[in-house]
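Trainee: Could you take a close look with me at one part of this structure, the core of the fold, and then work outwards from there? I'd like to see how the pieces fit together.

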Number of protein chains: 2
Amino acid sequence: MIKFTLKNKSRKARTGILELKHGIVETPTFMTVGTYGSVKSLANSDLLECEAQIILCNAYHLMLRPEHDVVLKAGGLHKFMNWSKPILTDSGGYQVFSLSRQTRVSRNGVEFKSPLNGNKIFMTPEKSIETQINLGSDIMMIFDECTPYTATRDEVKKSMELSLYWAELSKKANNTTMPLFGIVQGGMHNDLREISLNELTKHNFDGYALGGLSVGEPSDIRNDIVEHIGCKLPEGKPRYLMGVGKPIDIIYAVREGIDMFDCVIPTRNARNGQLFTNLGNLNIRNKKYESDFTPIDKTCPCFTCKNYSRAYIRHLDRCNDILAGRLMSIHNVYFYQEFMRKIRLSIQENTLDALIENIEQNYIHE
Amino acid sequence: MIKFTLKNKSRKARTGILELKHGIVETPTFMTVGTYGSVKSLANSDLLECEAQIILCNAYHLMLRPEHDVVLKAGGLHKFMNWSKPILTDSGGYQVFSLSRQTRVSRNGVEFKSPLNGNKIFMTPEKSIETQINLGSDIMMIFDECTPYTATRDEVKKSMELSLYWAELSKKANNTTMPLFGIVQGGMHNDLREISLNELTKHNFDGYALGGLSVGEPSDIRNDIVEHIGCKLPEGKPRYLMGVGKPIDIIYAVREGIDMFDCVIPTRNARNGQLFTNLGNLNIRNKKYESDFTPIDKTCPCFTCKNYSRAYIRHLDRCNDILAGRLMSIHNVYFYQEFMRKIRLSIQENTLDALIENIEQNYIHE
């Protein structure tokens, strides 16, 4: 049910083709986040126009809402949201720890209160996998525990070991041929990450992710971890850096051999008026765009840039017209897809370093 | 600059073709409201897909925001909002009285405080027309005064006379060949409305509107007024009933010979989950739609109904995803355009009464 073919290599960086049930994904790829079974403000046709090949949805959120097996009754998430291309589902591990109240971890799972209605929920690896199977995911993730950046080495070690146990339970719970990725934990400790990786590979997962990053650590510490462990992930399987990130962080990780990324930055920033361009970021709320009748990015062929000016989008944003959020989301989502295309091309043409230099210059003041 | 050709008549009802600077409008027509130079949540391409032929924007709002002649610098409203079809601009009279604080009316105009920043503004017929000229409107409206439903006959009479004076000033202020419509006032008094109409026609406006309705009166009183005065508006000019309304109110007015309508109902209701269908209204927030995987209206070919189910739209609405507002707006805007097409066809085929009966049955419980 998963086929991953490496195409080009440029030192540690690589391009590949990931064949999934609902279609083909070119790697390195960026997955736009559609937490609740929708990329906020965007219709399926918008995502297709933005050239999105795969999106990420959250089993945690979709377990809480819609209730009563609605997605199952709809015939799965693809049918429910009318998205025919691949979907990766996150297991909910990260969300349990970042969004829930009163979490109580035991060896079998974690009890928490639903942030929506306060109901007590007991989440287990088995339940997470069952949810992801019912969603009809193209790639499922094991259920894991995450530790904050401030956790002690001892806490991280214990948590990593629990995550390994849950990885085993997740694997066992997958009574289908649907692809399941393992998640390497170990916080900011390279040796713990190596132990985690070694144990995980015994289960022969369909791909391997680096989890427990983007939890508050400085980006140079994260980059060091990725540099150390990235290329140690099995060569023939997809490598996924979870929750990252800004263009510069993505391209550094690509250099270390990472194939897959996801992050809320393009969509969340868009809704706050923060836009990516080939000459760096801009904030549409800045008064200097009041009478600027040029597009967000003159070189961008997205729907928004073909049709609307900075001045008009700024006006919509000031009038709280939700069209503003959509137009800006379309632009940022397209920008990220176009950015990944450039990365793939640069690996093919052995010009990744030049692209990195270009990004470093344009985003230096971020 | 305006050409109005009557096509079919069925008793008092009529179809026609209105030729404007930015295109042709088939009447009877419904103008979707785009107050601030945008139909909330909808892009130009959405409006075109909904088959909108003309939209309405508000000179009052666009005078307040964007500031600093931004629209003028953009080359007019059509360019600013990237809408190439006709735009009718309301003069701001109705809004001054419904939205502003501390209004002080004098013979020359009205002073009020901006609801956005509290700045004092003195609005005159001349300023309204200048604003509408700068917007590049296809049809401008005279600046008038509106009275509430509760006004005494004396107040209404005085206000109607002031509006007549302002109509004259508006006409004089229009130093272009751009079309300008007069607005009949006179509250709920047929004799006052006749005086207003008789005086207005002396100025030979390009079309005539019924204003000062939808100000809190019961719909049967409004319908009586329309029945009395509607067919007295000049036969060869477009007749416009301002701020109306629900499908049933529109079709009753069409029966009396009205050609043009505008109302926020389709778009405002959409954003609140209230949807029009050929079998009556539905509220998407109703729990019974939780697992309803049919479209909003099975017979509707709009983008929303072709792509999404009631269950999914309800889910988006509950998750506060702004996509919900857009999808529902698309449906309601399309519904109204389709409704007007059916009305035009029924006039052509002399079946308006049957269509009225059908609407009365489906919307009886409203």
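Mentor: Let's begin with the barrel in chain A: eight strands close up in the order β4-β5-β6-β10-β11-β12-β13-β14, and their pairing is parallel. Strands count as paired when DSSP finds at least two bridges between them. Helices (H or I, at least four residues) and strands (E, at least two) are DSSP runs numbered from the N terminus. Going round the chain A barrel, the average twist from one strand to the next is 30°. Angles here run from 0 to 180 degrees between N-to-C directions, with axes fitted to C-alpha atoms and, for helices, over the stretch in contact.

Please keep in mind that this is a predicted model, in which local features need pLDDT of at least 70, side-chain atom pairs count only at pLDDT 80 or more, and totals for chains, interfaces and linings use all residues. Residues are numbered from 1 along each chain as its sequence is written, while chains are lettered from A and ligands numbered from 1 in the order in which they are written.

Zoom in on one seam of that barrel. Strand β6 of chain A (residues 87–90) runs parallel to strand β10 of chain A (residues 139–141), and two bridges join them. Across this seam, Thr89(A) stands opposite Met140(A) of β10(A). On another part of the barrel, helix α8 of chain A (residues 190–201) lies across β11 (180–184) and β12 (207–210) of chain A, at about 155° to β11(A).

Chain B has a closed barrel too, with eight strands in the order β4-β5-β6-β10-β11-β12-β13-β14 and parallel pairing. There the twist again averages 30° from one strand to the next. A seam worth finding is the one between β13 (residues 239–241) and β14 (residues 260–263) of chain B, which run parallel and are joined by two bridges. Here Tyr240(B) faces Met260(B) in β14(B).

Now step back to see what else chain A holds. Its domain assignment, which is automatic or from a database, gives domain 1 (3–263) and domain 2 (278–356). The centres of these two domains of chain A, taken over C-alpha atoms, are 27 Å apart. Where they touch, 22 residues of domain 1 of chain A are in contact with 21 residues of domain 2 of chain A; contact means C-beta atoms, placed from the backbone, within 7 Å. On the domain 1 side, the elements giving two or more residues are β1 (3–10), β2 (13–20), β4 (29–33), α1 (44–49) and α10 (247–255) of chain A. Of these, α10(A) has the largest share, four residues. By class, that side of domain 1 of chain A has nine nonpolar, six polar and seven charged residues. Nonpolar covers Ala, Val, Leu, Ile, Met, Phe, Trp, Tyr, Cys and Pro; charged covers Asp, Glu, Lys and Arg; the others, Gly among them, are polar.

Next, the meeting of the two chains, to which chain B and chain A each bring 32 residues. On the chain B side, α3 (70–74), α4 (77–81), α13 (310–318) and α14 (322–348) each supply at least two residues, and α13(B) gives the most, with five. The chain B side divides into 16 nonpolar, nine polar and seven charged residues.

How do the two copies relate? Chain B superposes on chain A by a rotation of 180° with 0.0 Å of shift along the axis, RMSD 0.0 Å, and the two copies are thus related as by a two-fold rotation axis. That fit is by least squares on C-alpha atoms of residues with pLDDT of at least 70 in both copies. Within chain B, Ile322(B) comes closest to the axis, at 3.2 Å (C-alpha). Because 100% of the interface residues of chain B are also interface residues in chain A, the copies meet through the same surface.

Ile322(B) also takes part in the contact between the two α14 helices, together with Gly325(B) and Arg326(B), and with Ile322(A), Gly325(A) and Arg326(A) from the other side. The axes of α14(A) and α14(B) come within 10 Å and cross at roughly 110°, which makes the helices roughly perpendicular. (Under 35 degrees is roughly parallel, over 145 roughly antiparallel, 65 to 115 roughly perpendicular and the rest oblique.)

One last detail: the peptide bond from Thr27(A) to Pro28(A) is cis, with omega near 0°, and Pro28(A) sits in the loop between β3 (23–27) and β4 of chain A.
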